[in-house]
Amino acid sequence: MKTHCLRWLAGGLLGCAAFFVAPAQAQLSIEITGAGAQRLPVAIADFSGERGIAQALTSVVRSDLERSGLFQMIDTTGKVMDENTSPNYADWKSRGADALAAGSLSALPDGRYETRFRLHDTQKQTAIGGQALAHTSGQIRATAHRIADNIYEKLTGERGVFSTRIAYVVKSAGRFELQIADADGNAPQAALASREPIISPAWSPDGGKLAYVSFEAKKPVVYVHDLATGRRHVAANFKGSNSAPAWSPDGKKLAVVLTKDGNSQLYVVNVDGSGITRLAQSAGIDTEPQYSPDGEFIYFTSDRGGSPQVYRQPVAGGAAQRVTFDGTYNVTPRLSPDGKRMAFVTRDSGRFRVAVMDLTSRQTQVLTDTAKDESPSFAPNGRMILFATEVGGRGVLAAVSVDGRVKQRLSVQAADVREPAWGPFSK
Amino acid sequence: MKTRLALSLSLVTLTALLTLAGCGSQPAAPEQDGAGVEDRNPYAVSTTPVGSTSADPYGLAALKDPKSPLSKRSILFDYDSYVVRDEYKSLIEQHARFLAKNTQMKMLIQGTADERGSREYNLALGQKRAEAVKKALQLLGAQEAQLESVSLGEEKPACMDQTESCWAQNRRGDMLYSGEF
């Protein structure tokens, strides 16, 4: 029970974790395996300032944007400029850049740094954005992610997710670790280590807590874990199995699956474990609940019709409606943040793949060509879906864009990675 | 009277634990610090006679005896199924009778699933298998209060290969008695 102090870079908060926490060794490495059809050409000039840190910062901005699959990096070799330089637009246009960012990093009297940048549209020949950010030397990556988020939002019109975090479980030789890392796989930290399995991590809407299922009591029990303090409590431990926690959008309740009355059925509890109420009733299996973002529906998996399919039911009460009809195995419904799409796992000839359904048109598109996909999870801007799959007999994480074009793979050397959950936007 | 009842109950529990652990002798002495010579365990003196397998009024030894059907604890299931196959009916009947005779014994039934598909759905599938075993035991004389059915889903596979025969071994209902979980 050592005490380790953790600094959450993205939030700039200083937290102290006192529960099972250790720095994680192995880091996720990301490989881009597919990109968007039309990538916007962008030039990010080397930021000026203290050479080592300025270069590190610039390279994180570039790799964030590149990894999104939406941008193509234009070479900036030999160009010396910062946020105050008036760019030669014609020159940048001839290099092929539609947008250009330049900036600087300077030391502040209090020992911190200030990073400034400006973003230009080379077509319109005008500055379209910029920012000044004060930060410590330990927050270089976090600052770079925020700059990348800013550029991403200006150029695409939607929020970037480079400053967000992901949770996942790493299994290695009899040890399970619930880890939290930056969205690019950097700075992994173990929130919990156990000899028994950990599954189904779910982020609270404010990003401060994770609910998950741990088997440390020789049976599945639902815990809620505060990330900043490392403190956790049991949210559901009834006779039988307790699993599949899902947060209500207001962060006050958890939908859970309990078996205290026989088979796996849906219930709702307050986050502190009190006030249990039954949510749905069936003769078979009901599991994998998830609230719609407006909090009005619960989507879930049920075998009430003979095979596992996705259903939804009004939270306020009412009949369940079947959502998936194609095939004999459609499970793990996960809604996009705008509530318009649903990711799920579908089985076709023994292969399990991530699919996405447009909930208005009910059109379904299978997004992957892997065979053992599990646990899809939307990025908070709804553009990418993170999921677990298997490559070469080893568990890896992968991400695919909702149009199926952009593909990434995240793996850890000599370990199985599984059960990913993409966290919400940081505040 | 009360004290003696409590004593005999705890001895029964201890007997069960010792027998189940396959160990008929006294447990290792607890670690003591300093010059402690006094044995503060009031039951220590009595453990030897009741701990031996010769005094086994409940027939607990059968649970570990490979020749006894009670030593068999696993029930295998078909893919995507939670129906107890006929071949296991007599095994379940023997365990139900044992539980009916030994009402102090409790059983944890752990259902499992093979690795294919969703972890949470497999957890629910394992639960249904455990529940099917529990229901069968209850019909044959075991009491609800003696039984807890839980699921380990696909999380604790007995066999790690990705083959049909291996997956078949991972779709189980395992019966564990007091002291084994």
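**Helix crossing, domains and chain contact in a predicted model**

Author: In this predicted model, helices α1(A) and α3(A) are oblique to each other.

Reader: Why are α1(A) and α3(A) called oblique to each other?

Author: The axes of α1 (residues 51–67) and α3 (residues 140–156) of chain A cross at roughly 45°. Angles under 35 degrees count as roughly parallel, and 65 to 115 as roughly perpendicular. The value of roughly 45° falls in neither range, nor is it over 145, so the term oblique applies.

Reader: What else describes the crossing of α1(A) and α3(A)?

Author: The crossing is right-handed, and the two axes come within 8 Å.

Reader: Which residues of α1(A) and α3(A) meet?

Author: From α1(A), the residues are A:I53, A:A56, A:L57, A:V60, A:V61, A:D64 and A:L65. Their partners in α3(A) include A:I140, A:A144, A:I147, A:A148 and A:I151. By class, this contact has 12 nonpolar, two polar and two charged residues.

Reader: What makes A:R351 partly exposed?

Author: The count for A:R351 is 14 other C-beta atoms within 10 Å. A residue is buried at 20 or more and exposed at 12 or fewer. Because 14 lies in between, A:R351 is called partly exposed.

Reader: Where in chain A does A:R351 lie, and how many residues apart in sequence are A:R351 and A:R418?

Author: A:R351 belongs to strand β28, which covers residues 351–358 of chain A. A:R351 and A:R418 are 67 residues apart in sequence, and their C-alpha atoms are 17 Å apart in space.

Reader: What are the domains of chain A, and how many residues of each are in contact?

Author: Chain A is divided into domain 1 (40–156) and domain 2 (165–422). Their centres, taken over C-alpha atoms, are separated by 36 Å. Four residues of domain 1 are in contact with seven residues of domain 2. On the domain 1 side, those residues comprise no nonpolar, one polar and three charged.

Reader: How many residues does each chain give to the contact between chain A and chain B?

Author: Chain B gives 18 residues and chain A gives 29 residues. On the side of chain B that touches chain A, α4 (119–139) and β3 (147–153) each supply at least two residues. The largest share of that side, eight residues, comes from α4(B).

Reader: Which classes make up the side of chain B that touches chain A?

Author: That side of chain B has six nonpolar, five polar and seven charged residues.

Conventions:
Residues numbered from 1 in each chain as written. Chains lettered and ligands numbered in written order. Predicted model: local features only at pLDDT ≥ 70, side-chain atom pairs only at ≥ 80, totals over all residues. Contact = placed C-beta atoms within 7 Å. Helix = DSSP H or I, 4+ residues; strand = E, 2+ residues; numbered from the N terminus. Nonpolar A, V, L, I, M, F, W, Y, C, P; charged D, E, K, R; others polar. Axes fitted to C-alpha atoms, helices over the stretch in contact; angles between N-to-C directions. Left-handed = near helix turned anticlockwise from the far one by under 90°. Domains from an automatic or database assignment.
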